[in-house]
Amino acid sequence: MTVSAQSAVYPLKAVRRPIPRVLSIAGSDPSGGAGIQADLKSIAANGGYGMAVITALTVQNTQGVTAVHVPPVEFLRQQLDAISDDITVDAVKIGMLGDAAVIHEVRRWLGEARPAVVVLDPVMIATSGDRLLAESAETALRELLPLADLVTPNLPELAMLLGEPEATDWASALEQGKRLAAACGNTVLVKGGHLQGAGCPDALVNTGGVLSQDVVEFAGRRVETRNSHGTGCSLSSAMATAKARLGDWESALRVVKPWLQEALIQSEVLEVGKGNGPIHHFHALRHALQPGDFAVRMWDAAQTELAAIYGLDFIQHLQSGGLSEAQFSYYLSQDAIYLNGYSRVLARASALAPNETEQLFWARGSQMCLEVESELHRNWLSGRQVSGELGPVTKAYVDHLLAASASGSYAVLLAAVLPCYWLYAEVGQQLHHGYLQAGASDEHPYADWLRTYADEAFAEATRKAIDITDAAAQAASPAERAAMMEAFAQSCRYETAFFDAPRLHG
Ligand SMILES: Nc1ncnc2c1ncn2[C@@H]1O[C@H](COP(=O)(O)OP(=O)(O)O)[C@@H](O)[C@H]1O
Ligand SMILES: Cc1ncc(COP(=O)(O)O)c(N)n1
């Protein structure tokens with residue numbers, strides 16, 4: 001009994017490879033949007049292991065091709081043989097071939113290596129209009145077509161291969177596709193990219209009964225973009241990969257077409273070149289957060305509140321010395337109450353910390369809060385008339401921190417406690433700087449207080465707290481990160497409210 005690749009129980013149409021080894025035989029585009037550079041990205045983005053044998057070098061950017069260099073064909077032979085002598089090639093994509101000698105060499109190799117899947121993108125002219133295949137090589141290219149399982153011409157190439165005028169509507173493009181498929185005995189992917197209109201269809205065409213119908217159409221929306229450099233290269237290498245992974249052309253195009261459409265939609269973010277830019281092959285990849293990224297996001301989020309804090313009467317009057325004694329006393333008394341609650345929350349961060357270093361850091365922070373609290377009572381509040389009653393903003397801020405500590409997420413709790421370090425250190429440094437700029441007068445009514453602000457040890461602790469929170473964000477899930485930003489932003493708002501509370505409640 002021979003083992004068939006087709007299972008009677010499960011509709012497998014061919015042996016499928018989870019990570020197919022896909023070889024691109026194509027030209028190089030140094031700008032990275034087309035040719036082997038696009039192929040390797042496309043193969044990887046579609047789940048394959050990419051390899052590349054270079055047929056030709058181009059001098060190219062998004063604006064066009066200015067020169068082509070075809071290396072000695074003997075060297076091409078060595079590259080091809082080196083691959084097939086060592087590696088099982090599950091699929092091959094053939095792109096720019098340059099001239100007839102290259103085509104003959106690739107033809108020889110295909111005959112010997114007999115890869116399971118061969119996709120031929122009959123590249124002749126680049127999107128920019130520049131020739132990528134010598135005119136004299138067109139006949140050799142036509143003769144190569146029957147060796148491919150799938151041919152992916154664009155409409156001008158389809159017309160040239162048939163020796164007919166270019167199709168200007170979808171129906172005649174499909175008719176041409178059928179004629180080419182019948183002539184070559186393989187499957188043709190007819191592409192609608194060069195037509196006008198809101199739609200951008202593609203179709204698989206085979207008149208030999210290989211597909212579920214002779215013509216299988218895949219509708220698609222046309223993306224309004226100039227970034228179409230390398231779409232044909234990317235499509236053909238993605239199809240080679242997806243065919244080896246999924247087993248049949250229809251399943252392959254069903255996943256590749258939406259991928260390509262999204263790559264066109266998201267191409268704008270790349271900002272590559274002044275001409276026809278590349279598509280975004282890795283649009284589906286969520287980039288891992290790099291160290292420092294989340295700190296930058298938090299800093300950006302804090303800017304509105306920082307500006308609001310600097311604009312507050314309390315801060316401006318504290319700086320100028322015009323702040324009323326009653327408001328300053330209210331601020332100090334609420335600070336003492338707040339620090340007691342904050343100390344408990346930092347103790348909770350210490351309890352949740354994943355390692356001893358962080359455990360110790362937050363425990364020290366917690367202890368420091370209690371020390372500053374008693375210092376406030378001893379040196380600042382003892383001689384003042386203050387009620388010591390819990391104010392509404394202090395209560396709301398501490399409740400918010402307690403809620404964050406009850407969330408059970410270390411990362412969310414850190415995001416909630418961070419503004420008290422960061423914004424306080426920032427505002428404190430600005431106030432201290434302003435005090436020094438104004439001459440650091442001993443006559444300033446709040447001179448003693450302003451001098452305490454330039455505490456390098458607190459600035460250092462703040463930097464450490466930012467780094468720890470940033471690292472926690474890297475380890476967090478996207479949902480947890482969103483909760484972190486929310487908790488951080490809310491604490492920033494409470495920082496502003498805390499500085500404004502003496503005006504309202506003092
Ligand atoms: N503006 C567009 N919007 C959506 N898909 C497009 C667009 N331009 C091209 N495509 C798709 O890109 C692939 C390549 O098409 P095409 O531009 O016709 O070939 P080539 O890049 O070889 O000239 C096809 O799948 C086509 O449908
Ligand atoms: C090296 C090389 N190969 C192929 C193309 C075609 O690109 P497109 O996919 O835009 O038709 C190109 N511009 N450069």
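Start with the whole protein: of its 506 residues, 41% are buried. Keep in mind as you click around that this is a predicted model. Switch to a cartoon view and you can look for 17 helices and nine strands. Contacts reach across the sequence too: among those with a separation of 6 or more, 72% join residues 24 or more positions apart.

**Stop 1: the cores**

Which residues have the most contacts inside the largest nonpolar core? Select Val 92, Val 119, Val 190, Met 239, Ala 240 and Val 256. They belong to a core of 70 residues. Now colour α7, because eight residues of this core come from that helix, the largest share. In soluble globular proteins, nonpolar side chains tend to be buried together.

Zoom in on Val 119. Ignoring neighbours within four places in sequence, Val 119 is in contact with Met 239 and Ala 240, among others. Its other contacts include Lys 93, Ile 94, Ala 148, Asp 149, Leu 150, Thr 152 and Ser 236.

Then move over to a second, separate core, this one with 53 residues. To find it, pick Leu 318, Phe 328, Cys 369 and Ala 416, which are included in it.

**Stop 2: strand β7**

Select residues 187-191, which make up strand β7. Is this strand buried or exposed? Five of its five residues are buried, so the rest of the structure largely encloses it. Turn on the side chains: Thr 187, Leu 189 and Lys 191 point one way, while Val 188 and Val 190 point the other way.

Next, add the strands that pair with β7. Strand β6 (residues 150-151) pairs with β7 in the parallel sense, over two bridges. Strand β8 (residues 202-205) pairs with β7 in the antiparallel sense, over four bridges. Click on Val 188 to see both pairings: it is the bridge partner of Val 151, and it stands opposite Val 205 in β8.

**Stop 3: ligand 1**

Finish by selecting ligand 1. How many residues surround it? There are 17, and the closest are Asn 154, Lys 191, Gly 193, Val 223 and Gly 232. You've met Lys 191 already, as one of the buried residues of β7. Colour the shell by class and you'll get five nonpolar, nine polar and three charged residues. Last, show helices α7 (231-246) and α8 (249-265): each supplies at least two residues of this shell. Helix α7 is a familiar face, since it also gave eight residues to the largest nonpolar core.

Note on methods:
Residues are numbered from 1 along each chain as its sequence is written. Chains are lettered from A and ligands numbered from 1 in the order in which they are written. This is a predicted model: local features need pLDDT of at least 70, side-chain atom pairs count only at pLDDT 80 or more; totals for chains, interfaces and linings use all residues. A residue is near a molecule or strand if its C-beta atom, placed from the backbone, lies within 6 Å of it. Ala, Val, Leu, Ile, Met, Phe, Trp, Tyr, Cys and Pro count as nonpolar, Asp, Glu, Lys and Arg as charged, and the others, Gly among them, as polar. A nonpolar core is a set of buried Ala, Val, Leu, Ile, Met, Phe, Trp, Tyr and Cys residues joined through C-beta atoms within 7 Å. A residue is buried if 20 or more other C-beta atoms lie within 10 Å of its own, exposed if 12 or fewer, and partly exposed in between; C-beta atoms are placed from the backbone. Two residues are in contact if their C-beta atoms, placed from the backbone, lie within 7 Å. Two strands pair if DSSP finds at least two bridges between them.
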